[in-house]
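Let's take a walk through this fold, from the overall make-up down to a few single residues. Have the viewer open and follow along.

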Amino acid sequence: MDFVQLFLLLVVFLLICGIIAVVIIYITSTPYPDLSRHEEEKYYVDPNKSDAKQPFPSLHDPASIDLSVIVPAYNEEDRLPVMLNEALEYLQDRQKETPNFRYEVIVVDDGSTDKTTEVALLYSQKYGTDKVRVLTFVSNRGKGGAVRLGMFSARGQLLLFADADAATTFSDIKKLETEVKRIDKQEDHLAIVCGSRAHLQNEAVAKRSLFRTFLMYGFHIVVWLFGVRGIKDTQCGFKLLTRPAAQIVFSNLHVEKWAFDVDLLHIARHLNMAIGEVAVNWQEIEGSKMVPLLSWLQMGKDLILIWLRYRIGAWKIDPKLKAQ
């Protein structure tokens, strides 16, 4: 058997393995996401009323306030106060300037093993549960799962999710709101605006090691090939959505881990939603839960699987899907 025959056999073998893998992925994939939640996750605690439990509203109810801020948090007892202090100071000042402006902050404790919930409840006690609510998970779901259920529990006409590390300057939300108003021209009001760190890339390259820079560019290539094109920074944890957009996108979101942003934007693109991107002020904060090599490899694998599952029809998008 010569080299050409061996090469052809190898190609055939790899092709068969690929077909088998695709079939397995198709069979084991669920077409639509599981939108159920544990009974305990349907309520928030009011520390000013002897820890009385109150039911969360539904994202599919009409909006009753102007802005909801969703803060996914996993073991963030140390970094969370910095973020909440900055956000609430801005929101309180804005309310003083515009008395009819109403907001809420929903901290989603993603199954933390530290005192994240206890720390967040101190803010519920200080500001009241009309402004600060805490959603505590029975077990860890992942950042995407935390953002999704936080959105499902929100009352805002506009909904922002922001990372708990305070890496993004919170007052930059005004830039996102301005962009939403600019691009929201459709009758169905389906619009999403992404905060972006792309303008900081050259500075980041100058500060990072060669290895981390290589990983960063490698991840960008994978996003371009298998993710969403046209968005310079898909992963920035500072995104603003209209209520109708949030209802549809998070009801169809399949990914609950780090790569959920790409799934979110893929769904938005598929449904022809208006998507904007705005530069925000951002800084590296110590204490990240991401391990550069392992996390980026996991995200790279997730991106390829997201692309493949939608491509073969294993995952589907239903604009009428609603949370249970």
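**A tour of the fold**

The protein's secondary structure adds up to 10 helices and nine strands, where helices (H or I, at least four residues) and strands (E, at least two) are DSSP runs numbered from the N terminus. Bear in mind that this is a predicted model, with local features needing pLDDT of at least 70, side-chain atom pairs counting only at pLDDT 80 or more, and totals for chains, interfaces and linings using all residues. Residues are numbered from 1 along each chain as its sequence is written, and side-chain values use heavy atoms, with hydrogens and water left out.

Now for the whole chain. Of its 324 residues, 48% count as buried; buried means under 20% relative accessible area, exposed means over 50%, and partly exposed is in between (1.4 Å probe, protein chains only). Take the contacts between residues at least 6 apart in sequence: 83% of them join residues at least 24 apart. Contact here means heavy atoms within 4.5 Å.

On to helix packing. Two packed helices are described by the angle between their axes and the distance between the axes. Axes are lines fitted to C-alpha atoms, for helices over the stretch in contact, and the angles run from 0 to 180 degrees between N-to-C directions. Start with helix α2 (residues 80-97) and helix α3 (residues 116-127), which pack at about 20° with their axes 11 Å apart. α2 and α3 are therefore roughly parallel to each other; angles under 35 degrees get that label, over 145 is roughly antiparallel, 65 to 115 is roughly perpendicular, and the rest are oblique. The crossing of α2 and α3 is right-handed, meaning the near helix is turned clockwise from the far one by less than a right angle, while anticlockwise would make a crossing left-handed. On the α2 side, the contact uses Leu80, Pro81, Leu84, Asn85, Leu88 and Gln92, and α3 brings Thr116, Val119, Ala120, Tyr123 and Tyr127. Sorted by type, the residues of this contact are eight nonpolar, three polar and no charged. For that sorting, Ala, Val, Leu, Ile, Met, Phe, Trp, Tyr, Cys and Pro count as nonpolar, Asp, Glu, Lys and Arg as charged, and the others, Gly among them, as polar.

How do the axes of α4 and α8 cross? Helix α4 (residues 143-152) and helix α8 (residues 243-252) have axes that come within 10 Å and cross at roughly 140°, and that makes α4 oblique to α8. This time the crossing is left-handed. Val147, Arg148, Met151 and Phe152 of α4 meet Ala246, Phe250 and Ser251 of α8, a set that divides into five nonpolar, one polar and one charged. α4 is mostly covered, too: 10 of its 10 residues are buried, among them Lys143 and Arg148.

Helix α5 (residues 173-183) has two faces to look at. Its buried residues are Ile173, Leu176, Glu177, Glu179, Val180 and Ile183. They cover an arc of only 165° around the axis, which puts them on the same side of α5; the arc is that of the directions from the helix axis to the C-beta atoms. Thr178, Lys181 and Arg182 are exposed on the other side of α5. What covers the buried residues of α5 includes β3, α2, β6 (156-162), β7 (191-196), β8 (238-242) and β9 (274-279).

A few single residues round off the tour. Tyrosine 310 sits in helix α10 (residues 292-311) and, at 13% relative accessibility, counts as buried. Which residues does tyrosine 310 contact, leaving aside neighbours within four places in sequence? They are Asn252, His254, Asp263, His266, Ile267, Trp315 and Ile317. From tyrosine 310 to aspartate 263 is 47 residues in sequence and 9.9 Å in space, C-alpha to C-alpha.

Serine 64 is in the loop between β2 (52-55) and β3 (65-73), and is partly exposed with a relative accessible area of 42%. Not counting residues up to four places away in sequence, serine 64 touches Arg102 and Arg155. The C-alpha atoms of serine 64 and glycine 156 are separated by 6.3 Å, although their positions lie 92 residues apart along the chain as a sequence separation.Finally, check two backbone angles. Alanine 166, in the loop between β6 and α5, has a positive phi of about 60° although it is not a glycine. At 10% relative accessibility, alanine 166 counts as buried. Histidine 189, in the loop between α5 and β7, has a positive phi near 55° and is partly exposed at 39% relative accessible area.
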